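Visitor: I'm new here. Could you walk me through the empty spaces in this structure and whatever sits in them?

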Amino acid sequence: MSGVKEIKITHVEKTRLNDQSLENAPFGHFFTDHMLVAEYKNGEWSSVEIMPYQPLQLAPSLAALHYGQSIFEGIKAFKDVAGNVAVFRPYDNLKRFNISAQRMQMPEVPEEIFIGGMKKLIDLDRNWVPAIADHSLYIRPFMFATDAVLGVKPSETYKFVIILSPSGPYFSSPMRIYVEEKYTRAVTGGVGFTKNAGNYGASMQPAVKARELGYDQVLWTDAFEHKYLQEVGMMNVFFILNNVAVTPSLEEGTILAGITRNSAIQILKDMGVKVEERKITVDEIIESYKANQFTEAFGTGTAATISMIKELRYKDFVMNFNTDESKVAPELKQRLDDIRKSTAPDNYNWLVKI
Ligand SMILES: *Cc1c(COP(=O)(O)O)cnc(C)c1O
């Protein structure tokens, strides 16, 4: 294990679980007893430790705070009715994490630490995985630069951390979406395909402005013409056009390759829905809407799974969708949830048992 012999474990003296109800826990507010912390220095991962969840001590000159070498992942674990715990597609998150790391000139995290450490950590805190319908354990691995010197250059030291957050249902009522024409999330040659912290910082102001206009999120468009559709907020986006599921393709490097997106493509095919990954313009969806062939739109992501869109606004043109009549999104969500909770067969080996 690249310099690492074993994971040192320090247990909490007493769990906090007793006075912490997991029922309807708000997303990302509560954390389990333990966390994992690994250190990178001298060109290798050295110590890997599981310890009580606690604040980190960091230098004010910490490189990540100044120059933004900071990446993360979002994964979910579920407990089935028999009490078994399984993580949904963590190897895909590992792959994507290391793609983000490469682009941000950060070291890759080996499988032994990312997956091996995560399994040990979840096993230790398995009582925190809610056994309640629609609840899950949200897993947040992240890495950031820890050099304590000012000067713009890749850091030589890093911390990799995993924290766990039990979460209740993520109620996402159908969204009202504003097609963004001024701000840009991602551009070819940029970092849109990575889960790096700066992407989220840059998205806050456009999201707040959309909210002030009464919209839940923006639909991002390309940087040059504001014509090609990219993602909806922090989710991938699908359009049902003439009974075909169309989603923006990944080759421009401006779309985050969502694992829910990838799972949705597979399940849609299983449902007999044709899927197209390609470029798609705002003009195309408007024409399709006018021809009564644009019937549904939805976002996909780990936190909310599938979020339906009830309104899309482009300039002064408003497209409305009666989500009570949506056929594709509800079945897709149901099928995906059933696989994650082990109430349907896991035909693609997406679940990793703990
Ligand atoms: C995380 C994320 C997604 C969704 O990815 P999943 O792997 O499905 O959770 C989509 N878009 C952006 C910008 C994201 O950060």
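Guide: Happy to! This is a predicted model, and it holds 5 cavities of 30 Å³ or more.

Visitor: What makes a space a cavity and not a pocket?

Guide: A cavity is a space where a 1.4 Å probe fits but cannot get out, whereas a pocket is open. The largest cavity holds about 80 Å³ of space.

Visitor: Which residues line the largest cavity?

Guide: Among them are Gly74, Phe88, Asn93, Thr260, Thr302 and Arg340. Strand E5 (75-79), helix H5 (259-270) and helix H7 (328-340) each supply at least two residues of that lining. By class, the lining has 4 nonpolar, 4 polar and 2 charged residues.

Visitor: And the largest pocket, what is its volume?

Guide: About 1,100 Å³. Of the 42 residues that line the largest pocket, Phe27, Tyr170, Met234, Met235 and Ala303 are the closest to its centre.

Visitor: Which element gives the largest share of that pocket's lining?

Guide: That would be H4, with 6 residues. H4 spans 197-212, and other elements that each supply at least two lining residues include strand E7 (136-145), strand E8 (158-167) and strand E15 (294-301). The lining of the largest pocket divides into 20 nonpolar, 14 polar and 8 charged residues.

Visitor: Where does the ligand come in?

Guide: The space taken by the ligand is the largest pocket. Around the ligand there are 14 residues, and the closest are Lys195, Tyr200, Glu231, Thr260 and Thr302. Strand E12 (235-241) and H5 each give at least two residues to this shell. The shell has 5 nonpolar, 5 polar and 4 charged residues.

Visitor: Why is the pair between threonine 260 and the ligand called a polar contact?

Guide: The cut-off for a pair of N or O atoms is 3.5 Å. A polar side-chain atom of threonine 260 lies 2.6 Å from an oxygen atom of the ligand, so the pair counts as a polar contact.

Visitor: What makes threonine 302 and arginine 96 count too?

Guide: For threonine 302, a polar side-chain atom lies 2.6 Å from a ligand oxygen atom. For arginine 96, the value is 2.8 Å, again to an oxygen atom of the ligand. Both values are within 3.5 Å, so these pairs are polar contacts as well.

Visitor: How much of the ligand does the protein bury?

Guide: Taken alone, the ligand exposes 380 Å², and the protein buries 95% of that.

Note on methods
Residues are numbered from 1 along each chain as its sequence is written. This is a predicted model: local features need pLDDT of at least 70, side-chain atom pairs count only at pLDDT 80 or more; totals for chains, interfaces and linings use all residues. Side-chain values use heavy atoms; hydrogens and water are left out. A residue is near a molecule or strand if one of its heavy atoms lies within 4 Å of it. A polar contact is a pair of N or O atoms within 3.5 Å; within protein, one must be able to donate a hydrogen and the other to accept it, and residues adjacent in sequence count only if both atoms are side-chain atoms. Accessible areas come from the Shrake-Rupley method with a 1.4 Å probe; for residues, only the protein chains shown count as cover. On a 1 Å grid over the protein atoms alone, a cavity is a set of points where a 1.4 Å probe fits but cannot get out, and a pocket is an open set with protein on both sides within 12 Å along at least five of seven lines; lining residues have an atom within 4 Å of a point. A molecule sits in a cavity or pocket if more than half of its atoms lie within 2 Å of its grid points. Helices (H or I, at least four residues) and strands (E, at least two) are DSSP runs, numbered from the N terminus. Ala, Val, Leu, Ile, Met, Phe, Trp, Tyr, Cys and Pro count as nonpolar, Asp, Glu, Lys and Arg as charged, and the others, Gly among them, as polar. Grid points are joined across faces, edges and corners, and a volume is the space filled by probe spheres set on the points.
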